[in-house]
Amino acid sequence: MSQTLDEVKIGGLGASRKRAEDNRFIRGRGTYVDDVVMPGMLHMEILRSPLAHARIKSIDTSAAWAIPGVRLVLTGEMAAQRNLAWMPTLSYDTQAVLATDKVRFQGQEVACVIADDPYIARDGVEAIVVDYEPLTPIVNPKQAMAPDAPIIRDDKAGQTDNRSYRWDVGDKAGTDTVFAEADMVSKVSMHYPRSHPSPLEPCGSIADYDLGTGKLTLYCTSQAPHIVRSAVALIAELPEHLIRVISPDLGGGFGNKVPVYPGYVCSILGSILTGKPVKWVEDRSSNLISTGFGRDMYLDGEIAMRRDGKMLGVRMHVTTDQGAFFADAQPSKFKVGLLHSAFACYDVPVGHITADGAYTNKSPGGVAYRCSFRVTEAMYFQERMVQAAADDLGMDQAEFRRVNLLPDDAFPARTPFGFLVDSGQYGKCLKVGLDAIGYQDFLVEQAEARKRGRLLGIGISTMTEPLGAGNSREYDILGIKMFDSAELRVHPSGKAILRTGARSQGQGHETTWAQIVAHELGLPADDVVVEEGDTDTAPYGMGTYASRSTPVAGAAVSMVSRKIRAKARKLAAHLLEVSEEDVEWELGRFYVRGAQDRGVSIQECAAAAYSNMPDGMEPGLEGNAYYDPPNLTWPFACYIAMVEVDPETGVWDVLRFVAVDDCGVRINPMIVEGQIMGGLTEAYAMASMQFQTYDAEGNMVGSNFMDYLLPSTWETPGFELHEVVTPCPHHPIGAKGVGECATVGGPAAFVNAVIDAVGHTGVRNIDMPVLPDRVWEALRTGHDYSGAPPVKGD
């Protein structure tokens, strides 16, 4: 009779195990960068430019030097003497650490002061006098591409315009042919505005350079500590074995904490020059005004169709506003991220995408914010284009999707842009969502309500997202392939410690990684401690962003556990005095084939690895694994929003929201649901209120939480969650990942619902955020509303 363990009871796959890390977080016992205090530590503050575009005529630091307690005042000129005034970006551009020639965005780092305490450092910053010569600012790509536009990056040899890149993918000739022969072509233009991740904890670092050993220890708020170590080695010209990067607890990241920021470099230089640890922690406005943002992309999209609703081809041209430096943290090969994942869930024969990047006088970035490298834009544009096409045809939006979604028997399917989508039940997810929200009944209610002057709308977003960037054929950052890693050590007692190259910032790695070990080895999850974030102890990994956790790092955890199990099988054969071929496995124990009573537990094998191993076997029970995924994983989701719009004010309320997610096998259902609800909250925020833009002078609108709004529990609607499970065929445990799906797919559902409510007036698009005044204006005029900058200043 089997003695196998109950996997859910030991905290394996499928267990809604409480988060192990919350034990310290809810007690205020977490350790964040600002909690770290070192002997003799100094504090750094950064002087930021108030202007978006200006030449620096002079910097007078004499008053700052005269303040008691000021230990060092750094300028770009001083950094340049040590070849640190500029640094490479993760997109193979260069970015100023401290401005030397001119400032290129409001909030750019100009100088920094290091002092005995943060208050003295701030006094020092306020004492610095900079003489600026204002230059014409540029705040959108149209201005940037104008023939007479001033060159923003005149520091770059051979830069004759403000273009940062040009890229295209797909079959241009085939697409042109299809469009020429199509029965109908639907066209739509829109702008996906800037959004900021706004983690609870801003960015910060503590650099400690030991003059005696030459070793640099850097505590920093990083989602990818090994990438930071490699970048610091490149920038500071220190060997990697003398650099230790520690990323302690993170108060959220969402992509904002992947790039290497000038503040990190300045704290390192400050520590080298003073011989003391130097701490820098930015304030909220600095985080909003200068660190990595998401989106800021313009689309001209077209769909070629037959009259029966079949999509024949798609054509997209996008322009990205990169800001002053091309500093996206994304795979090197893809200049516009994975935008070409658009229409992967639809049976579209052919497509062509072109993309231009533009330098402007705005903070650099574009990829950050819970997104797999521009996939959020891809799915938003896709679903807005699909909605517009259905409306242009006069076809029901749900039926239009049903006709065009990939059928179950189409997998594996090659997309028009070259991706391979391996599995899914797209039609089933759509049906579950429509049935849950009562779609047909709503259509009747909507028609009746409109007769009484009430504007009801329903919006659908069906999307699939490529997760787990990492197959080494195509994906790298700074030339380093995007694999990930895990190291597992089982002690003689059967307790274990797991280390990975990932870094959690809220996903629950300490909980779910232990559950994967429990699934593979039968060790209770409570007996597995998980450590991450220290480059001196963790195996080399590429960090956590773009939903790489479960698809890549989680797979590495599974693979290293299997290596441990393979060695344990040899130990079991030795203990049971049989050949290895006669040993069978069930969760938590090995037994003799045909004699299930004769068995040994995984814990007994662990003890034998240190005390009773067979001759010739290396002692110990530990190993590591580096996982290079064969393909991306492809979760699918159907999100449906039901709204009512007030025709007198433009205010819209969410009546219901249904989410159906297929993320493959769910490790911890509770954590998955939390990820979906959090992602939908962010999707609602982007759709309804988050507004970060610029006026004509390059001043940021949205540099504080009075102007850049975050939803509270009062505004956030309720979400009804449903699931479909289609295991990933190539992932070790069949998981696909889910961390970003709701943020990626959710915004289009909200916006489509509002457009559905007001579309009878002729309005086809209102740019996000869909603010009440925009809806009111669109209703009043019957015209689309663009939210592209510049906006009017006060």
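Which strands does helix 4 lie across? The legends below take this and other close-ups in turn.

This is a predicted model, where local features need pLDDT of at least 70, side-chain atom pairs count only at pLDDT 80 or more, and totals for chains, interfaces and linings use all residues. Residues are numbered from 1 along each chain as its sequence is written, and side-chain values use heavy atoms, with hydrogens and water left out.

**View 1. Helix 4 lies across three strands: strand 1, strand 3 and strand 7.** Helix 4 covers residues 118-127. Helices (H or I, at least four residues) and strands (E, at least two) are DSSP runs, numbered from the N terminus. Helix 4 runs at about 30 degrees to strand 1 (42-48). Axes are lines fitted to C-alpha atoms, for helices over the stretch in contact, and angles run from 0 to 180 degrees between N-to-C directions. Contact means heavy atoms within 4.5 Å. Helix 7 (residues 225-236) also packs on the sheet and touches strand 12 (216-220) and strand 13. The direction of helix 7 makes about 145 degrees with that of strand 13.

**View 2. Seven strands form an open sheet with mixed pairing.** Their order is 3-7-1-14-11-12-13. Strand 3 (70-75) and strand 13 (243-246) stand at the edges; each has a single partner strand, so one side of each is left without a neighbour in the sheet. Two strands pair if DSSP finds at least two bridges between them. Strand 11 (residues 204-209) and strand 14 (residues 278-281) pair in the antiparallel sense, over 4 bridges. Here Gly204 stands opposite Val281 in strand 14.

**View 3. Arg104 and Asp101 form a salt bridge.** The term means a side-chain nitrogen of Lys or Arg within 4 Å of a carboxyl oxygen of Asp or Glu. The closest N and O atoms of Arg104 and Asp101 are 2.8 Å apart. Arg104 has 0% relative accessibility and counts as buried. Asp101, at 22%, counts as partly exposed. Buried means under 20% relative accessible area, exposed over 50%, partly exposed in between (1.4 Å probe, protein chains only).

**View 4. Asp392 meets Arg764 in a salt bridge.** The N to O distance is 2.8 Å. Asp392 lies in helix 10 (residues 375-393), and Arg764 in the loop between helix 18 (741-758) and helix 19 (772-781), so the pair ties together parts that are 372 residues apart in sequence. Asp392 is partly exposed at 33%. Arg764 is partly exposed at 26%.
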